[in-house]
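Got the viewer open and a cartoon view on screen? Let's walk through this one stop at a time, selecting as we go.

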Amino acid sequence: MKDNRGFSLVELLVVVAIMGVMSGFVFIGLPLLTGQNARECANNMSAALGREKNYALTRSGTADCYMELMLDSDGYRVKYYIPQNAVVEGHSESDWVLAEEQKIGSGQVNVTCSFKDGTSVNITSGQSVKFVYDRTNGACKKAAQSDGATLGMVGGGSEYCTGITFNRGRKYEITLYPETGKHVLSRVN
């Protein structure tokens, strides 16, 4: 029989390195398999839409508040804008001030906004969608799309946003009902 003294240091290091690589794959792949990033982004966006509707009903003067969904190097963000004064006479971007900014999710999630006319916008770096709620009744107004260019008048959007889809491993969707300002979050698959 051979003299069996256990493992050599080299064998032990190889086993530890293999275990480290395998655990790294588990930690990277687990959120993808469970859809954690998409779920977190969808939940935060749902809360942001509720907050924006609240801003519109409580903090607006003569002009509507709006919220902008965008992607930057840190992930998806929403920015809440409120009228600078109680009475807004013009319709320029300078009439609104940034009230709050919030990160809603990882940049690894694919976010797509669908519009009533059948078009959709995949939010990428440099693109954004502005959501506007009516200050008198909380209903949605037409959403404004941006591809990096200046949009002009807030609320001067092209069409109503009817849905926002979040996809990363699993798919979640927020369905918007423009007539009432209501939105519903659901898991698609």
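Start by selecting Leu-69 and Val-129: Leu-69 stands opposite Val-129, which belongs to β6. This is a predicted model, so keep that in mind at every stop. Now widen the selection to β1, residues 66–72, together with β6, and you'll see the two strands pair in the antiparallel sense over 5 bridges.

Stay on β6 for a moment and show its side chains. Is this strand buried or exposed? Of the 5 residues in β6 (128–132), 5 are buried, so the strand is largely enclosed by the rest of the structure. Turn the view until you look along the strand: Ser-128, Lys-130 and Val-132 point one way, while Val-129 and Phe-131 point the other way, and all of them are buried.

Two of those residues lead to the next stop. Select Phe-131 and Val-132, then add Tyr-133, Cys-140, Lys-141, Ala-143, Cys-161 and Leu-176; together they line the largest cavity. How much space lies in there? About 50 Å³. The structure holds 1 cavity of 30 Å³ or more. Color the lining by residue type and you get 7 nonpolar residues, no polar ones and 1 charged.

Cys-161 from that lining is also your way into a sheet. Select Cys-161 with Phe-115: Cys-161, in β8, is the bridge partner of Phe-115. Show the full strands and you'll find β4 (residues 110–115) joined to β8 (residues 161–168) by 6 bridges, with the two running antiparallel.

Now bring up the whole sheet. It is an open one of 5 strands, in the order β5-β4-β8-β9-β10, with antiparallel pairing. Which strands stand at the edges? They are β5 (120–122) and β10 (182–187); each has a single partner strand, so one side of each is left without a neighbour in the sheet. Tilt the sheet to see its twist, which averages 15 degrees from one strand to the next. As a general reminder, strands of a sheet pair through backbone hydrogen bonds, either parallel or antiparallel.

Next, follow the sheet from β8 across to β9. These two pair in the antiparallel sense over 6 bridges. For a pair to click on, take Phe-166, which stands opposite Tyr-172 in β9. Then pick Arg-168, which faces Arg-170 across the pairing with β9. The hairpin of β8 and β9 has 1 residue between the strands, and Gly-169 there takes a positive phi near 85 degrees.

Keep going, from β9 to β10. Strand β9 covers residues 170–177 and pairs with β10 in the antiparallel sense over 6 bridges. This hairpin has 4 residues between its strands, and in the turn Gly-181 has a positive phi of about 85 degrees.

Select Leu-185 in strand β10. Its bridge partner is Ile-174. Leu-185 has 31% relative accessibility, so it counts as partly exposed. Now run a distance from the C-alpha of Leu-185 to that of Ile-164: the two residues are 21 apart along the chain, and those atoms are separated by 9.3 Å.

Time to leave the sheet. Jump to Gln-108, in the loop between β3 (96–105) and β4. With a relative accessible area of 44%, Gln-108 is partly exposed. Which residue should you pick as the other end of a distance here? Try Ala-38: Gln-108 and Ala-38 are 70 residues apart in sequence, yet 8.6 Å apart in space, C-alpha to C-alpha.

Ala-38 is one of the buried residues of α2, so select that helix, residues 36–58. α2 has 23 residues and reaches 33 Å from its first C-alpha to its last, close to the 33 Å expected at 1.5 Å a residue. Its buried residues also include Cys-41, Ala-42, Met-45, Leu-49, Glu-52 and Tyr-55. A handy rule while you look down the axis: an α-helix has 3.6 residues a turn, so residues three or four places apart point the same way.

Finally, zoom out to the full protein chain. There are 2 helices and 10 strands, and along the sequence the pattern reads α-α-β-β-β-β-β-β-β-β-β-β. Color by burial for the last view: of the 189 residues in the chain, 38% are buried.

Note on methods. Residues are numbered from 1 along each chain as its sequence is written. This is a predicted model: local features need pLDDT of at least 70, side-chain atom pairs count only at pLDDT 80 or more; totals for chains, interfaces and linings use all residues. Side-chain values use heavy atoms; hydrogens and water are left out. Two strands pair if DSSP finds at least two bridges between them. Axes are lines fitted to C-alpha atoms, for helices over the stretch in contact, and angles run from 0 to 180 degrees between N-to-C directions. On a 1 Å grid over the protein atoms alone, a cavity is a set of points where a 1.4 Å probe fits but cannot get out, and a pocket is an open set with protein on both sides within 12 Å along at least five of seven lines; lining residues have an atom within 4 Å of a point. Grid points are joined across faces, edges and corners, and a volume is the space filled by probe spheres set on the points. Ala, Val, Leu, Ile, Met, Phe, Trp, Tyr, Cys and Pro count as nonpolar, Asp, Glu, Lys and Arg as charged, and the others, Gly among them, as polar. The expected span of a helix is 1.5 Å times one less than its number of residues. Buried means under 20% relative accessible area, exposed over 50%, partly exposed in between (1.4 Å probe, protein chains only).
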